Amino acid sequence: MTKYCYLLTEGAQDIAFLIKLLKYQGIKQIEKRSKVDSFWDELIPKTFPYNDELNRQVPVPKFLEDNGLSIALQGAVGDTQLVNTIQEDLALIQQEQLFGIGIILDADDREPQERFDRIKTELEKLQLGLDIASNPGIITQSEVKLGIFVLPDNQCKGTLENILIECGEHNYQQLIELSREYISKIDESKLKSSDLKEIRKPAGKNKAIIGGVSNILKPGRTLQVSLQDNDWIDNRTVNLDKIKLVREFLCQILDVTLQ
């Protein structure tokens, strides 16, 4: 019997990160539409452009599988979109056949419990019949396993980039140091406030540091390509404490043994 699991996270980088971790479990990404389990058919848009918006990326989940395990990994940015996406997706599939649901999001500049509580409250308003624990990282063992993990570790403020910097300090130490130095030497008085809007956000400098390294490793490519192709996650960094927490969470949702 196939175990169908639905994972929801925030963006392309988070998706690439999770795919990398799942591959360490021997779970493979499906590359062809014809290979996707028919259970997920309604999550794949049938027309283009999606909602008549030419500039909008078509919201197609990533699909992965292993023997007896089928996963849809969906992305949505921000609390409202996360909640709307899970509501829409669960309405399209047979929710009662799901084995597990995992939501992985960033704490950003909030305490993880605060981010968790907001998502929990909004999900409960939907009355989807989901049993949600009271704390991040805890998985309920009801009809459908469900848990919400707040990066970087369910305890501290931050984002995926906190984890990636730690990985980079192991495998790309020189590049991390050079990128930090470069960012620290920027004279903000020479730039317009609008140009500094993103880097002045709580996670802005960390994102810029990681972006600097990834652009050396994969010039002109996105961070998710670097996460896929370079050694951010390898046999050493995959066992760092923060990454191991995420891996253990995923394994509990999927009911697989940590490799």
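## A negative patch on the surface

Let's start on the outside. Asp109, Glu111, Glu114 and Asp117 come together on the surface as a patch of negative charge. This is a predicted model, so please read every contact below in that light.

One member of the patch, Glu114, belongs to helix α3, which spans residues 112–125. Its relative accessible area is 44%, which makes Glu114 partly exposed. Helix α3 will come up again shortly, as Arg118 also lies in it.

## An enclosed strand with two neighbours

Now for the inside. Strand β1 covers residues 3–9, and six of its seven residues are buried, so the strand is largely enclosed by the rest of the structure.

Which strands pair with β1? One is β4 (residues 69–75), which runs parallel to β1 and is joined to it by seven bridges. If you would like a place to begin tracing this pairing, take Lys3, whose bridge partner in β4 is Leu69. Another is β5 (residues 98–106), also parallel to β1, with five bridges between the two. Here a handy landmark is Leu8, which stands opposite Ile103 of β5.

## Salt bridges that span the chain

Across the whole structure, a search turns up 16 salt bridges. Three of them are worth a visit, beginning with the one between the side chains of Asp79 and Arg118, where N and O are 2.5 Å apart. Asp79 sits in helix α2 (residues 79–92) and Arg118 in helix α3, so this pair ties together parts that lie 39 residues apart in sequence. The surroundings of the partners are worth a look too: Asp79 is buried, at 10% relative accessible area, while Arg118 is partly exposed, at 43%.

The next pair is Lys207 and Glu161, whose closest N and O atoms are 3.3 Å apart in their salt bridge. This contact also links distant parts of the chain, with Lys207 in helix α6 (residues 204–217) and Glu161 in helix α4 (residues 160–171), 46 residues apart. Is each partner buried or exposed? Lys207 counts as partly exposed, with a relative accessibility of 43%, whereas Glu161 is buried, with a relative accessible area of 5%.

## A pair further out, and a network

Glu181 and Lys185 also form a salt bridge, and their closest N and O atoms are 2.9 Å apart. In this pair Glu181 is partly exposed, with a relative accessible area of 38%, and Lys185 is exposed, with 62%.

Some salt bridges share partners, and in this way Glu10, Asp79, Asp108, Arg110, Arg115 and Arg118 are joined into one network. You will recognise two of these names, since Asp79 and Arg118 make the salt bridge between helices α2 and α3 described above.

## A nonpolar patch to finish

Back on the surface, which residues make up the nonpolar patch? They are Tyr182, Ile186 and Leu191, and together they have about 300 Å² of accessible area.

Leu191 is a good one to locate by eye: it lies in the loop between α5 (173–184) and α6. Its relative accessible area of 41% makes Leu191 partly exposed. The α6 at the end of that loop is the helix that holds Lys207, the partner of Glu161.

Conventions: Residues numbered from 1 in each chain as written. Predicted model: local features only at pLDDT ≥ 70, side-chain atom pairs only at ≥ 80, totals over all residues. Heavy atoms only, no water. Buried < 20%, exposed > 50% of the residue type's maximum accessible area, 1.4 Å probe, protein only. Helix = DSSP H or I, 4+ residues; strand = E, 2+ residues; numbered from the N terminus. Pairing = 2+ DSSP bridges. Patch = residues over 30% accessible without salt bridge, like charges linked within 9 Å, V, L, I, M, F, W, Y side chains within 5 Å. Areas by Shrake-Rupley, 256 points an atom, 1.4 Å probe, with all protein chains shown as cover. Salt bridge = Lys/Arg side-chain N within 4 Å of Asp/Glu carboxyl O. Lys, Arg positive; Asp, Glu negative; His and termini not counted. Charge placed at Lys NZ, Arg CZ, Asp CG, Glu CD.
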